[in-house]
Every structure is written in structure tokens, then in C-alpha cells.
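Welcome! Please take a moment to look over the structure shown here, and then read on for a short guided tour.

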Amino acid sequence: MKRMTRILAFLLTAMLLLVSLTSCAAARPIHASPRATRAVATVGDVEILYEELYFITMRYIAELKLAHGENALDDEANRQELERFVWESFVSRDTALISLGYEYGIDVYKGDVADSVQELMDGFLADNFDGDRKAYVEELAKMHMTDHYVRKCFGVEDYLATDIVVEMAKRGELVTDDAAVLETLNSDKFIRTVHVFINKSNRVYSDAEHRAHAAEIQAAIAACTDNDARYEAMCDAIGGKYNNDFGDPLGNGYYFTHGEMDEAYEGAAFALADYGVSDVVETDDGYYIIMRLPKDTAYINEHFETLRDKSYFVTLNQKVDEKLATMTLSKTNFGEKLDLTNLAPIDPDGGNQAIVIVSVAAGAVLAGVSVMLFLRARKKRK
């Protein structure tokens with residue numbers, strides 16, 4: 001009888017464990033409908049998934065409609081532009097970085113990167129959704145995203161490059177002597193900027209007003225023909241009421257190389273001469289007016305340790321550029337058949353429904369087995 005009781009206890013515990021897996025904490029991975037992770041193309045050795053294609057396509061369709069009206073896709077030229085933009089967007093530095101990670105045994109979905117992303121997600125959901133899994137899923141649906149894709153974006157943007165650099169250092173692939181580092185910091189591969197940032201999420205003004213404010217600030221700064229006057233106007237704008245970036249309160253500026261800032265920001269910044277001012281630069285987050293400044297030798301000397309770590313990314317960027325130059329996109333059979341103007345939607349929580357069904361079915365089987373064993377044991381005793 002005791003043996004039978006232990007068996008029943010074990011089976012019941014297994015059932016409870018399966019149920020608990022279906023009601024996991026909000027920050028645990030959320031599986032979308034199976035279509036989401038089907039490969040639509042490969043770029044080199046990197047698979048491009050449907051969830052990525054869906055997000056970029058839906059986002060660009062929205063931009064086309066904003067620019068050309070709700071019937072934008074009736075225009076053949078707009079449909080061709082949609083095809084070109086979406087597929088070309090995957091042959092990118094991010095894709096090359098992921099491929100480079102493979103060479104160093106680093107996968108954005110596994111190991112240390114995935115663990116770091118999980119920690120970030122714990123805080124992300126707590127801070128932005130009060131830990132409410134349902135609210136997070138609803139936001140994913142609005143954004144045409146999946147939890148899997150969000151995690152990839154965080155992994156690539158926040159952790160992958162650093163982990164690769166650490167591995168490069170372990171392999172002795174980085175030049176670390178002070179003279180070489182200083183040469184890199186003083187080269188055109190490393191720049192210094194200041195900027196005004198107008199955050200799109202600031203609901204005090206409409207997006208049209210944000211654009212207008214940015215254009216007004218840019219025009220006032222660019223109108224100054226003298227470097228000192230232009231810099232003074234930039235400082236006034238940084239201290240003005242429309243600037244939403246308070247990350248550089250001392251006015252030292254941002255020292256960086258490629259791969260650290262938003263791609264649009266970097267493209268504009270590296271194209272500038274000292275004291276040059278950019279046009280208004282739009283990113284997902286908002287609008288920038290950027291000024292490039294000459295580097296301050298005293299600042300570099302004082303912050304040499306920190307900047308030396310950043311300088312290692314110059315070597316990483318060279319490897320990424322070399323990798324990117326060799327990469328081409330090849331559609332899968334599934335990807336070839338897709339009509340970007342009529343993509344099937346993704347249920348960001350679709351995969352978990354299957355888990356619930358499987359878990360309930362498994363629980364029913366376990367319950368049936370436990371009852372059968374119990375009855376068989378009673379029969380033997382008789």
C-alpha cells in the first residue's frame with residue numbers, strides 16, 4: 001500500500017508540474033503561433049524567420065500608408081518598394097554580427113546571451129507592464145512582434161557585441177597596448193558628438209509638433225556660420241525645453257565608434273566635419289539634431305580605461321564589415337511564396353495554447369494511469 005501511495009504522489013506531482021509550466025511567470029518565454037519561427041530566407045548562415053519579416057513588413061506598410069494614403073499598396077511602385085525594402089533590410093550589420101557570433105561559439109538565443117536577456121526581461125516586464133503577462137502579449141500584438149523576436153533584438157543590441165569582444169580578447173585577437181589604443185581613439189574611427197533629442201513618446205506634443213520643433217532647432221543652429229556661435233547655439237538648444245536627453249549633463253559629449261548608436265544616428269554623425277550640424281535625424285525613438293565636436297585630449301586621458309574598452313569595438317566592426325561584404329540573401333521555398341501585401345498574422349501567444357493542450361492531455365493520461373495502477377493493486381490484494 002505504501003508503494004502504491006508513493007506512485008500516486010509522484011504522478012500527482014508530475015501533473016502539478018505540467019500545469020505550473022502552462023502558467024509560468026510573465027517574464028518566461030512566450031511562444032507564438034508556429035508560423036512565427038518558420039524560416040523565410042537565409043543570409044549567409046543566419047536564418048531569417050517569419051516573425052522578423054512580419055514585423056518589418058507591417059511597419060513599412062504603415063509608413064507607406066502614412067505617406068501615400070490608405071490605398072498606397074494599390075500602386076505597383078509602392079508594392080515594389082515594399083519588396084525591395086523588406087528583403088534588403090535583412091542583409092544588415094546585425095545579421096553579420098549574429099553570423100560572427102556563430103564563429104565564436106556565441107548564439108543570441110542560447111548560453112550567456114540568453115541568460116542576460118532573461119534577466120533584462122524580468123525587469124522589463126516588471127517596469128513596463130507591472131509583471132502583467134497578458135498586457136505584455138497585448139502590446140506584442142499591437143506592435144506585430146513576438147516575445148522570441150523581442151528577446152533577439154535585446155540580445156543583439158545589448159549583449160552580443162560585448163560577448164564577442166570578450167571572446168576575442170580571450171583569443172588574443174585585440175591590440176591592447178596603450179599606444180595602439182590611443183592611436184585608435186584619435187582616429188576617424190572614433191568620434192565625439194553632442195545632440196538635441198526630442199522623444200516621440202513625449203505626449204505633451206503631437207508627432208507633427210515634434211518634427212516642427214526639431215526642424216526649427218536645426219535651422220537655428222545651422223544658420224550660425226561661425227564655429228563658436230554654432231556650438232553656443234547647440235548648447236542653448238541642449239538646455240532648452242524641447243531636449244529630452246539628460247545623459248550628458250556636463251557637456252562632455254558622447255565618444256563612440258560604429259555599432260554603439262542607432263544606425264541612422266551613426267550615419268549622420270560620421271558624415272559630419274568638426275562643428276558640423278546634421279539635418280534632423282529620425283529614429284524609432286525620436287528626432288536628433290547632432291553636432292560633431294573635436295575630441296578633447298584631457299578628457300581622453302582622464303577616461304582612458306573606459307574609452308580603451310570601447311576602442312576594442314573598432315576591431316569588432318572591421319570583422320563585421322568584412323562578414324557583411326560576403327553575405328547575400330536566399331529565400332526559402334516558403335519565403336518565395338509569400339505575398340508581402342497579404343501576410344498571415346501571428347498570434348504572439350499562440351504557441352502556449354498548444355502547450356496547455358499537451359499538458360492537459362498529459363495530465364489526463366497520468367491520472368488514468370494512476371487510477372489503473374491503483375485498481376490493479378487492489379485487485380491483487382483481493
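The briefing below covers two sheets, two residues in loops, a pocket and a cavity. Please keep in mind that this is a predicted model. One sheet has three strands and another has four, while the search for enclosed space turns up one cavity of 30 Å³ or more.

**The three-stranded sheet**

- Let us begin with the open sheet whose strands run in the order S2-S1-S7, with antiparallel pairing.
- Its edge strands are S2, covering residues 46–49, and S7, covering 329–331, and each of them pairs on one side only.
- Going from one strand to the next, the twist averages 30°.
- Strand S1 spans residues 39–43 and joins S2 through four bridges in the antiparallel sense.
- If you would like a spot to find by eye, look for Ala39, which stands opposite Leu49 in S2.

**The four-stranded sheet**

- A second open sheet follows the order S4-S3-S6-S5, again with antiparallel pairing.
- Strand S4 (254–256) and S5 are at the edges with a single partner strand each, so one side of each has no neighbour in the sheet.
- Helix H11 packs on this sheet and touches S3, S4, S5 and S6, with its direction at about 30° to that of S6.
- Strand S3 (residues 191–199) and strand S6 (residues 286–293) are held in an antiparallel pair by eight bridges.
- Within that pair, Val194 has Met291 in S6 as its bridge partner.

**Tyr275, a loop residue**

- You will find Tyr275 in the loop that links helix H11 (263–270) to strand S5 (281–282).
- Tyr275 counts as partly exposed because its relative accessible area is 22%, and the partly exposed class runs from 20% to 50%.
- Met291 is 16 residues from Tyr275 in sequence, and the two C-alpha atoms are 5.9 Å apart in space.
- Setting aside neighbours within four places in sequence, the residues in contact with Tyr275 include Asn227, Arg230, Tyr231 and Met291.
- Arg292, Leu293 and Pro294 are also among the contacts of Tyr275.

**Ser201, another loop residue**

- Ser201 sits in the loop between S3 and helix H9 (207–222).
- With a relative accessible area of 48%, Ser201 is partly exposed.
- Ser201 and Gly286 are 85 residues apart along the chain, yet 7.8 Å separates their C-alpha atoms.

**The second largest pocket**

- About 330 Å³ of space lies in the second largest pocket.
- This pocket has 18 lining residues, and those closest to its centre are Pro29, His31, Asp147, His148 and Arg151.
- Helix H5 (111–129) and helix H7 (147–170) each contribute at least two residues to the lining of this pocket.
- Which of the elements gives the most to that lining? The answer is H7, with four residues.
- Sorted by class, the lining of the second largest pocket has nine nonpolar, five polar and four charged residues.

**The cavity**

- How many cavities of 30 Å³ or more does a search of the whole structure find? The search finds one.
- The largest cavity holds about 30 Å³ of space.
- Its lining is made by Tyr54, Leu140, Ala141, His144, Met145, Thr146, Ile346 and Pro348.
- Six of the residues lining the largest cavity are nonpolar and two are polar, with no charged residues.

Technical notes: Residues are numbered from 1 along each chain as its sequence is written. This is a predicted model: local features need pLDDT of at least 70, side-chain atom pairs count only at pLDDT 80 or more; totals for chains, interfaces and linings use all residues. Side-chain values use heavy atoms; hydrogens and water are left out. Two strands pair if DSSP finds at least two bridges between them. Axes are lines fitted to C-alpha atoms, for helices over the stretch in contact, and angles run from 0 to 180 degrees between N-to-C directions. On a 1 Å grid over the protein atoms alone, a cavity is a set of points where a 1.4 Å probe fits but cannot get out, and a pocket is an open set with protein on both sides within 12 Å along at least five of seven lines; lining residues have an atom within 4 Å of a point. Grid points are joined across faces, edges and corners, and a volume is the space filled by probe spheres set on the points. Ala, Val, Leu, Ile, Met, Phe, Trp, Tyr, Cys and Pro count as nonpolar, Asp, Glu, Lys and Arg as charged, and the others, Gly among them, as polar. Buried means under 20% relative accessible area, exposed over 50%, partly exposed in between (1.4 Å probe, protein chains only). Contact means heavy atoms within 4.5 Å.
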